[in-house]
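The following paragraphs offer a guided reading for someone meeting this model for the first time. Please keep the sequence and the three-dimensional view at hand while reading.

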Amino acid sequence: MSQTNEQNSPSREDLRVNFFRPRPGFMRKEVTIIWITLAAWAIATFGMPIHLAIIHSDPASTLAEVPYIFGVPAYFWFSGQFLILWFIFLCFCFNILIDWLSSSYRRRR
Amino acid sequence: MIESTVKYTPFFLLGCVLLVSLVVGLLTRRHDKGGYGLQVHSIGHAKIGAAIASNWMSAASFLGIAGVFFLNGYFAFAYILGWTGGYVLLLVLMGSQIRRFGKYTAPDFVAARYDSPVARVFSAVIAVIISLIYCVAQYKGLGLVFAWMFGIEYTQALVFGVLVTFVFLMVAGAIKASRNPQMHYLLLILFFIIPLMMIAKKLGYNWLVPQFSYGSALRDLPEQLSTAYLFPWTFGTPYEWIALCFTLMVGTAGLPHVLSRFYTVPNNRDARWGVVWGLFFIGLLYWSAPAFGAFAHSWLTTSGTVLDPAEAQALADIIVIKTAEWVGLNEILVSALAIGGILAAISTITGLLVTAAGTVSYDIYYRLINPNANEKHLLIVAKGATLVLALLVLVVAVNPPGLIAQITAVAFALAGNTLFPVFLLGIWWDRSNKYGAIAGMTVGTMITFAPILFGHLSPTLLAVLPPTSSALIGAPVVILTMIIVSRLTPPPSEELRRFLVEKVHSP
């Protein structure tokens, strides 16, 4: 019985690659970083239009009510200018974290 | 509104710029030969970023975005965000892993990952179609700018523009001039922003940062117009906005020529940091582009000019140049915008056609039709393919089906519906196999083309799957198809899965 198990073990070796069930170690940490970045990306990009769609449907009252920044409605500035900065910032943070992660794993090896 | 005067200044300057870029290309080539090994290590991240940005900037960015903003105000931000946010997806989900996988083109990756010649040819055909659609948009930009320059009809100008492109391609090939991406980027961004600053100055707005002052220009418009452009949902529903933005994002991450930029850099880390700079450089253009649309309206209002919708639609794709002309900018600055548009179009066309021709000759002809062909033979096939593809694009571009940005978006929809899921699952799920990939690409192609072919029969189909925005529904459906089909069929080889674990997903 134990012999069969030993024979089977090489083929039962864990070769699983799954974004939703990452392997422990490097991959799990990498996926955590990816999830955080993706969440920050998705909420900023799609959260604003969804929020706008729910709250504001009438043009005149919308433009009268919303806060203004740099002379345009805040959501307008957010989409037209801030989000690109936000994307750059996300890529920057992602790179810092991945640099840190890969250097710590390389040292361990 | 077509004037029939030939403008010599832009034509003369265009000749000069093309000549200079050839000479610089020639000089950099010699420079490269000297110390290739040394140079590789000293390439700065900003330099890589400029190369990413110059590879990215096409007529859609240079001419198209301003046109969409001119017509649709806030809705244009879906394009801007889609085409920048896509890089976040690419960097975060796939950049490093695909690089570690070590295959340099989309068909090569698909062939190696899914171990299937059928999948390779399928993905090759898709990559070629993506390039062709992308090129149609570039041709339109080329035709419009040359038509403006010579005061001739669009079709004639288009043929002339394609001839100019081909002469440039052949001369560059004959003298083996390499393209200098950093210089190309610098030219484009200066040719875009300096005229914009001068336009802002002429109209009496803050000219130092027109990226901010166009907001005041919008608010100075008559109330009805101002409200229409500032309110998010005047020109499109929230669903349309989100679907378009999402489609362009996944399309960016699946676009073969964007992905290949990850390989032209010596190492993975440099490639990742290059993206940060690249995004900043692309951002400079996208922060500025809407300003042209806003200033155009500002001039139209103050001068009391009223455009009917058809005229506005026809002018939208050259609104960048028109605005400069309307406000009475110096001829050289107006020319700079026209030349920038032409440069962006020409470089994109030559890049895409040459790559597509390579795919035709290597991935389709060599793999499928004639496996005994030698290098020389393949080169001839590639050259022939370049010509055939160029003519094919010409036929479609004679009657362009939409705005430059819209046509380009269809290419992104196809990439997002086919290559993106195939890359994504290929990297992040060891169980995905060739049957899944082939089924996924089939479904993705059908979803992309269904609204284009049958949209006129069913308004519902068109509303749910707009041709420019089909990937919001398409990409998840394709991913689901791939998962189901892969689950029902045998898993990929153990060797491949081991490679995924040990090579692709290790630091």
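A convenient starting point is B:Leu19, which lies in helix α1 of chain B, the helix that spans residues 8-34. The model is a predicted one, and every value below is computed from it. B:Leu19 has a relative accessible area of 55%, and because exposed means over 50%, this residue is classed as exposed. Its C-alpha atom is separated by 43 Å from that of B:Ile242, a residue 223 places away along the chain.

Two serines of chain B give a contrasting picture. B:Ser116 sits in the loop between α6 (106-114) and α7 of chain B. Its relative accessibility is 5%, and since buried means under 20%, B:Ser116 counts as buried. Setting aside residues up to four places away in sequence, B:Ser116 touches B:Ala111, B:Lys434 and B:Ile438.

The second serine, B:Ser361, belongs to helix α17 of chain B, which covers residues 331-369. B:Ser361 also counts as buried, because its relative accessibility of 5% falls under the limit of 20%. When neighbours within four places in sequence are left aside, the contacts of B:Ser361 are B:Tyr366, B:Leu378, B:Val381 and B:Ala382.

Attention now turns to chain A. Chain A has 109 residues, of which 44% are buried. Its secondary structure consists of four helices and two strands, arranged along the sequence in the pattern α-α-α-β-β-α. Of the contacts in chain A between residues at least 6 apart in sequence, 54% link residues at least 24 apart.

The next subject is the meeting of the two chains. Chain A contributes 57 residues to the contact, and chain B contributes 54 residues. About 4,900 Å² of area is buried between chain A and chain B, with carbon and sulfur atoms giving 74% of this area. Three residues, A:Leu15, A:Val17 and A:Phe76, supply 15% of the area that chain A buries against chain B, which is more than any other three residues.

Polar and charged groups also take part. Between chain A and chain B there are 13 residue pairs in polar contact, counting those with both residues at pLDDT 80 or more. On the side of chain A that touches chain B, the elements giving two or more residues are α2 (26-55), α3 (59-65), β2 (72-73) and α4 (74-108) of chain A. Of these, α4(A) gives the most, with 21 residues. Sorted by class, this side of chain A holds 36 nonpolar, 13 polar and eight charged residues. Two salt bridges are found across the interface of chain A and chain B. In a salt bridge between B:Arg272 and A:Asp99, the side chains meet at 2.9 Å, N to O.

What surrounds A:Phe76, apart from its neighbours within four places in sequence? A:Phe76 is in contact with B:Phe69, B:Tyr74, B:Phe77, B:Tyr214, B:Leu218, B:Tyr229 and B:Leu230. A:Phe76 also appears in the largest nonpolar core, which has 217 residues. The residues with the most contacts inside this core are A:Phe76, B:Trp83, B:Met94, B:Tyr139 and B:Trp241. Helix α7 of chain B, residues 117-150, gives the most to this core, with 19 residues.

A:Phe76 thus links two parts of this account: A:Phe76 is one of the three residues named for the area that chain A buries against chain B, and it is among those with the most contacts inside the largest nonpolar core.

Terms used:
Residues numbered from 1 in each chain as written. Chains lettered and ligands numbered in written order. Predicted model: local features only at pLDDT ≥ 70, side-chain atom pairs only at ≥ 80, totals over all residues. Heavy atoms only, no water. Contact = heavy atoms within 4.5 Å. Buried area = accessible area lost by both parts, 1.4 Å probe. Salt bridge = Lys/Arg side-chain N within 4 Å of Asp/Glu carboxyl O. Polar contact = N/O pair within 3.5 Å; in protein donor to acceptor, adjacent residues only side chain to side chain. Nonpolar A, V, L, I, M, F, W, Y, C, P; charged D, E, K, R; others polar. Core = buried A, V, L, I, M, F, W, Y, C linked by side-chain atoms within 4.5 Å. Buried < 20%, exposed > 50% of the residue type's maximum accessible area, 1.4 Å probe, protein only.
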